[in-house]
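Subject: Structure handover

Hello,

Here is the structure I promised to pass on. Please open it first, then read the notes below it.

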Amino acid sequence: GDLAEIWFDGGVGLGADFAAEMAALKEKLQPRAVAFNGCGVVNNSVAWIGTESGHGPYPLWNTQDACGTAPGDPDATTLYLPFEADVTLETADTWFYKEAAGYKSFPELVSIYHATVGVGANLLLNLAPPPSTVLPDAAMQLYAELGGWVRRCYGGGGAAAAGALNATRAACRNCTAVALELPAGAAVDRFQIQEELAGGQRIRQFSIAADGAVVYRGTSVGATHVALLGRNVTAARVELRVEATRGGPAAVALFAAPDPADCAVAAPSTNCTTVSDVRYTGPAYKAASVANVPACCEACRADTACAAFTAVQGAQWPYAFSCSLMTAMTGSESAAGVYSGAPRR
């Protein structure tokens, strides 16, 4: 049958001959499948967002002049290369089965959704099966809870949620503005925008006004943009204003005002899962000296590129900790006196 995606971890390596054979095999057997990290080798490629933290950059542009990672280049014309955020359901960026690793909380998953799908990326939410191959009920319940919340808050299949305060019913092409009337006394705390991408990602700048007053400004839209206001705004009329485009007029596939009651979620715990005498391994991109393990946790949590960290205490006064931040966790090993963890966002 058809595959949705073929995943090349780290890209299509092993030399030019292997890459050419893989490209021919992919086009023969799965021509419609997208290929993660397949840029420059196969068609229908998607690119890594640059971190396994579940929190991508914004703005995010699907165009590049050479294969690379996020955020893309709004002025590029050579490649159309959407981004994918790969994240694990299990804590601490755990890609292979680990007994009692635990799972991210539902509020964390909602935060990840907003920071990936909500900025225009595809979300891959991985679960490593146990040796028995029976997927744990707790994990399945989290998947179901997230899916139910997405459908309730944002709908699906290109349509807004059934309970949205209001939404467009058809695509608007050659758009400069799209307006919605809201029920009397209604308050809104977010907006959902989807760009029609048949002609490319064209919107470069936009704003949203409520009863004439601008309440949100943004740049990229792409497949989906969730504009979180961070507060409730009461208005009778809201308007999406397209202020700059490139490559032609804007085409808006959807503009919606979800009902805050259908989207409400408790705030995630803002700390870290931490283990002692374990060293996480992975691509480190930043190191610092901090006073303690919680400070290393906070440094990782505050940097959206950070997926995991390690902290090692120095042997001399003032016994500061060496804090290393990583974009992904590729493994772990026993290491006395080493603390490792992953942020909750």
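Which cysteine does a disulfide join to cysteine 296? The partner is cysteine 323, with an S to S distance of 2.1 Å. Please keep in mind that this is a predicted model.

**Disulfides**

Let me stay with that pair. Cysteine 296 sits in helix H5, which covers residues 293-302. Cysteine 323 sits in strand E20, residues 321-326. The two cysteines are 27 residues apart, and the pair links distant parts of the chain. The link is right-handed, with 80 degrees about the S-S bond.

Is cysteine 296 buried or exposed? Cysteine 296 counts as buried because its relative accessibility is 0%, and buried means under 20%. Cysteine 323 is buried too, with a relative accessible area of 1%.

How many disulfides does the structure hold? The count is 6. Numbered in sequence order, the bonded cysteines pair as 1-2, 3-6, 4-5, 7-9, 8-12 and 10-11.

Two others deserve a look. Cysteine 300 and cysteine 306 form one of them, with their sulfur atoms 2.0 Å apart. This link is left-handed, at -95 degrees about the S-S bond. Both cysteine 300 and cysteine 306 are buried.

Cysteine 172 and cysteine 175 are also joined by a disulfide. Their S to S distance is 1.7 Å. Cysteine 175 is buried, at 5% relative accessible area. Cysteine 172 has 24% relative accessibility, so it counts as partly exposed. The cut-off behind that call is simple: partly exposed lies between the 20% limit for buried and the 50% limit for exposed.

**The open sheet**

Now turn to the strands. One open sheet has 5 strands, in the order E1-E2-E3-E6-E7. Their pairing is parallel. Which strands form the edges? They are strand E1 (5-7) and strand E7 (122-126), and each pairs on one side only. From one strand to the next, the twist averages 30 degrees.

Look at strand E6, residues 83-88, beside E7. The two run parallel, and 5 bridges join them. Aspartate 86 stands opposite leucine 124, which is in E7.

**The largest pocket**

Aspartate 86 comes up again here. What volume does the largest pocket have? The figure is about 280 Å³. The pocket is lined by 13 residues. Nearest its centre lie Trp7, Asp9, Glu52, Asp86 and Trp95. By class, the lining of the largest pocket has 8 nonpolar, 2 polar and 3 charged residues.

**The cavity**

There is also enclosed space to inspect. The count comes to 1 cavity of 30 Å³ or more. The largest cavity holds about 140 Å³ of space. Which residues are closest to its centre? They are Ser53, Lys104, Glu108, Ala342 and Pro343, out of 16 that line the largest cavity.

Helix H2 (106-116) supplies at least two residues of that lining, and so does strand E21 (331-343). The lining of the largest cavity divides into 6 nonpolar, 4 polar and 6 charged residues.

**Two residues to find**

Start with glutamate 108, already named at the cavity. Its place is in helix H2. Glutamate 108 counts as buried because its relative accessibility is 4%. For a sense of scale, take its C-alpha atom and that of methionine 326. They are separated by 19 Å, and the residues are 218 apart along the chain.

Then go to arginine 151. Its place is in helix H3, residues 137-154. Is arginine 151 buried or exposed? Arginine 151 is exposed, because its relative accessible area is 57% and exposed means over 50%. Aspartate 262 is 111 residues away along the chain, and the C-alpha atoms of arginine 151 and aspartate 262 are separated by 9.6 Å.

Best wishes

Note on methods: Residues are numbered from 1 along each chain as its sequence is written. This is a predicted model: local features need pLDDT of at least 70, side-chain atom pairs count only at pLDDT 80 or more; totals for chains, interfaces and linings use all residues. Side-chain values use heavy atoms; hydrogens and water are left out. A disulfide is a pair of cysteine sulfur atoms within 2.5 Å. Buried means under 20% relative accessible area, exposed over 50%, partly exposed in between (1.4 Å probe, protein chains only). Helices (H or I, at least four residues) and strands (E, at least two) are DSSP runs, numbered from the N terminus. On a 1 Å grid over the protein atoms alone, a cavity is a set of points where a 1.4 Å probe fits but cannot get out, and a pocket is an open set with protein on both sides within 12 Å along at least five of seven lines; lining residues have an atom within 4 Å of a point. Grid points are joined across faces, edges and corners, and a volume is the space filled by probe spheres set on the points. Ala, Val, Leu, Ile, Met, Phe, Trp, Tyr, Cys and Pro count as nonpolar, Asp, Glu, Lys and Arg as charged, and the others, Gly among them, as polar. Two strands pair if DSSP finds at least two bridges between them. Axes are lines fitted to C-alpha atoms, for helices over the stretch in contact, and angles run from 0 to 180 degrees between N-to-C directions.
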